[in-house]
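Me: Could you take a close look at one part of this structure for me? I would like to understand a single strand together with whatever surrounds it.

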Amino acid sequence: MNRAFERWAPWAVAILAVIVWVGPLQTGFYLDGQLTDIPVYRGIHDAIADGQVPYRDFLLEYPPLAGVLFWLAGVIPGAYSLGFSTLMLACLIGTALAVMATARALDTTPLRRAGAGAIVAVSPLLLGAMVQTRYDLLMTVVLGWCLWAAVTRRFTWMWVLLAVAVLVKIVPLALVPVLFVWHRHHRGTREALLGGAGAAGVVAVAMLPFVAMAPGGTWDLVGYHLDRPLQIESTGASYLLGLHALADIPLTVESSFGSQGLTGRGPALIAGLATAALLGLLIAVVWCLIVGLRRSRPPGDARLFMAAACATVVALMVAGKVLSPQFLIWLLPVALLVTGRFGRATAGLAIAAMLVTLAYFPRHYWDVVALEPGPIALLVLRNLLLLALLAACWPRPSIARHPRGWMLRGGSVDRTPGERAVAARYLTE
Amino acid sequence: MRWFTAPVAAVLVGLLMALAGPALAQPATQPPARAVAPDATVAGAVVADLAEEAAEESRRIRRTVERAARAGAAGAAGDEEAEVPPALTDGEVTAIAETSGEIQDWIADHPIARTAAEFDDEERRWTVFFVSRDDDGAESTEAQALISDETGEITEVRVGPQVAWMMARGYPGAFGRAVNRPEVWLPLCALFLLPLLPVTRLRRLVSWRTLDLLALLSFSLSLIWFNRGEIFTSVPLTYPPMIYLGLRMAWIGISRGRAMNRVAEPDEPEPRGPRRPGVVGWAPTWLLATLLIVAMALRLGLNAFDSNVIDVGYAGVIGADRIGNGITPYGTTPEDCGSCDTYGPLNYLAYVPFESLQPWTGTWDDLPAAHGAASMFDLLCLAGMIFIGWRLASLRLGLTLGLAWAAFPFTAYTLLTNSNDALVAAGLIWGVALLHRPMGRGVMLGLALATKFAPGILLALWSRRPFPRPTGRRQFLPYAGGLALAGAGVGWVLLLDGLDGVRAFWSRTIAYQFGRESPFSLWGQYPALRPLQLVLMAVVVLGALALLRWPRRLDMVAVCAFSAALLIGAQLTLTHWFYLYIPWFLPLVLIAIVPAWPAPRPRPAPEPAEAGPDEREAPGPGTGTSGAGGSGERDAPVPVGA
């Protein structure tokens, strides 16, 4: 039965994702009042279809592979939004399969793999319609398979997929130190350096034509994100919003860069502090991974690596100066695979953060912008949950020693076949 | 006595929660509700009110029309600089002012000799003065009413001390701004109280410790009336908790001193139980750390974005500017901060780094240097509390003490007014942290004393060795050396202008404080109590001197408890007392009551041959606090930083 279950589980998860996508996700609860980026994507498609070159002829705030996706969505017959939604459904299924494959590589039971995959499949119900109006699922599917390649020690694939992920969205760049440490732990510094250089080469080759044609426009890709103000949903902004709700501190909300942000000296200071905190957190994650890997052995080291990857992603969310609701999609390939004492808490906190986000976005988003106390409380709660999530998934050395967490183990301690044999002998004797 | 503490605690909690919520947000000055004639029917009263409102409206329209006509006439004359004359006359505004119930109540007890009206052309506002005259013919203003010339409405009423003292007027947020809001104050109270109480073990909840913590929070009741501008209610309400805490601290010190001085019976077993202090609260370390981060984020955020700088912080910035320019701060302060040079030299020196980063602009503006300095003082206190708890027992106790400091609303009040009082507390906290080092505690006490003079009451007590274990070294000289070191480290500020600076220091600080008058104490409000104040002062000073010799044995708890008692006693006798002074004694009270201190150990029974007539302690092993045979070094309560 286990073998049959294992064989059919990926299909079942894929079918579940399709059912969720075409069923509940298309109902009024999820579609009413949604805020969509589809017109932006369609505009990019139209520009590319007209023969214009990104970065030279028009501003593309995303890396080039995102432009390929936007173009591809228009090539699919039918309405643009339908084509884009279909692509995102494929990405969701791909992410679910990546999570299951990674869970399998971490030596889990089929039931638990299926559980993790099923949560990813139903995640549109937790996240809302933004999964089909934002392109972040493309990044998660690439990132998910990149982590799978890392856990299974296919390091060439790992670096190639990381390069692809970076060409989809810049954010996975933050994972480079973690992947480097992981590669170095297994194959040594030289190979890790070569891998990283290879990934950089892939990115450089992809970007080179655009840099040659329009150096200024390509730099805008980076400058656009550096110049953004403190976005209203970021952790730093929610701190100020909380103070506003409590003490009426003066805040100015301004629409720019396609979102709403806080302007003024205070928010600028907080944004600077958040950036410094982000750097500190990323360094701390890598340091903890290095220390933890020294004392761990397989498969504990892979669990520690997965926790470090999750902590890096969550740190980007909580300490970044932008925290758009679609960023929670990034949790899918990492948060359900954290093990150890707080593995259950990590998954629970990730799901809770998604649900709280759904509670205010998109229906009450403009109430947040209007500085209404109720939605601000929800926003503050969501960001506190993310902070707790960061603490829960922190790559502490005990993760490498501890039995697998809730997502990867049941009520009893999960053992390798060899350990099971020893336990069985003692039990029988 | 537990049967007694439970109902008292319940009553205090009930009072606090019931009163603090609605009242903290009360507007500053509210005119008393208009009384309805007992024989008037409700309908009649409504009709009368409507008629009165209509008449008032017609008067207002008439005044506006007249004012417009005068302005038009002035403009027609071609005189663009001509001032628009007021719409109301002296007689009219005086009549309006006399309708104020608050003024009527006040002048009923304080007969007035005359009234006067003054018009402020810029503000378009009248001020009506109600002036009394004493037997010598000296006049003083008993009440003021501010009246809008445009609407003819009373915008503000000041009676008694409110006339001279702006801080008695209850302007909303004048001290600390948003921290006075119930939605900030009450969560801070909960954040302070709940982690410190054993809420999971109800039987242990009923204790003196609970009552002590509630007494600390009960200063909030007084603040409610202070924020309303009713200082004749707020001031008396500060005395019960201060008297309670003072007596309680004295009792803790006395009882520990007596217990330590008791000679153990020859066959008495060594006391059992932990020798390190424990934590009574229920919160685990991670939760304490989280709550501490939340409390500090709230305090520092409010300080950065919603706080004000009172004259105390302004004084520090001005003094730092003066020192930076090579002149003494004493006698050189600007007119808008006339008494700003009344503090010790460290108060000005401590602001120098912040003032050099954000120089003073010459006006009483946002003063970022004062914000930075106040935040630094607060962080020094927090670090000291965590350090003490950590070294005494564990990180958990350190975080507990740190949270107690960070969540206590009056420390937030001090921070958000950006005053210098946390600097005094920082000196005392780090003095306790270095209590086992005579020079260290001398330096720290000297620094606290160089900020404000009240810690001087601790000079005698802190000269003693604070641990019962014997030592062969003399400790007074290092202690005095520490005091001298602190004095030399900051005293050079007085010499910046030569001997003139020293003379100015004396006249502007000590002499000023002795002659100070203030309505913020019972002694200031009721001058007839002056003899009682002097008696109390003498008692406190005698108590401070008595502690030079008695009790014969001290430990850290006793030192902290006695220090708190002395500081509270000194504050009880002050003519000018304010809530910002609570943080001076708060750390000492917290160290005495928050940890679960092990019971004091009696003196070991002396050997028959060694027992002298006065059982005086002798240096050497075996004379520690624990049973016979134990090393004094090991058995004494753990010194901080040892």
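Reply: Happy to help; here is a walk around strand β3 of chain B, followed by a few other spots.

Please keep in mind that this is a predicted model. To set the scene, chain B has 642 residues, and 50% of them are buried. Its secondary structure comes to 27 helices and six strands. Among the contacts in chain B between residues at least 6 apart in sequence, 75% join residues at least 24 apart. The accessible surface of chain B is about 28,800 Å², and carbon and sulfur atoms account for 62% of that.

Now to the strand itself. β3(B) spans residues 139–148 and is mostly covered, with seven of its 10 residues buried. On the β2 side, strand β2 of chain B (residues 125–133) pairs with β3(B) in the antiparallel sense, over nine bridges. One of the pairs to look for is B:S132 with its bridge partner B:S140 in β3(B). The hairpin of β2(B) and β3(B) has five residues between the strands, and there B:G137 takes a positive phi near 90 degrees.

The β4 side can be read in a similar way. Strand β4 of chain B (residues 154–159) runs antiparallel to β3(B), and five bridges join the two. Here B:I147 stands opposite B:I154 in β4(B). β3(B) and β4(B) also form a hairpin with five residues between them, where B:G152 in the turn has a positive phi of about 75 degrees. As background, strands of a sheet pair through backbone hydrogen bonds, either parallel or antiparallel.

There is a charged pair to inspect here too. The side chains of B:E139 and B:R133 meet in a salt bridge, 2.8 Å from N to O. B:E139 has a relative accessible area of 37%, so this residue counts as partly exposed. B:R133, at 46% relative accessibility, is partly exposed as well. Salt bridges with shared partners also join A:D248, B:R181 and B:E183 into one network.

For contrast, look at B:D321 and B:R322, whose side chains form a salt bridge at 3.1 Å, N to O. Both B:D321 and B:R322 are buried. Over all chains, the count of salt bridges comes to 17.

B:R209, in helix α8 of chain B (residues 208–217), is another one to check. B:R209 is buried yet has no salt bridge, and the nearest side chain of opposite charge, B:D212, is 6.8 Å away. A salt bridge would need the nitrogen and the carboxyl oxygen within 4 Å. Leaving aside neighbours within four places in sequence, the contacts of B:R209 include B:L196, B:R248 and B:V280, along with B:I593 and B:P595.

Finally, chain A has strands of its own to set beside β3(B). Three of them form an open sheet in the order β1-β3-β2, with antiparallel pairing. The edge strands, β1 (230–231) and β2 (252–256) of chain A, each pair on one side only. Five bridges join β2(A) to the antiparallel strand β3 of chain A (residues 259–263), and A:S255 has A:Q260 in β3(A) as its bridge partner.

Note on methods:
Residues are numbered from 1 along each chain as its sequence is written. Chains are lettered from A and ligands numbered from 1 in the order in which they are written. This is a predicted model: local features need pLDDT of at least 70, side-chain atom pairs count only at pLDDT 80 or more; totals for chains, interfaces and linings use all residues. Side-chain values use heavy atoms; hydrogens and water are left out. Helices (H or I, at least four residues) and strands (E, at least two) are DSSP runs, numbered from the N terminus. Buried means under 20% relative accessible area, exposed over 50%, partly exposed in between (1.4 Å probe, protein chains only). Lys and Arg count as positive and Asp and Glu as negative; His and the chain ends are not counted. Contact means heavy atoms within 4.5 Å. Two strands pair if DSSP finds at least two bridges between them. Accessible areas come from the Shrake-Rupley method with a 1.4 Å probe; for residues, only the protein chains shown count as cover.
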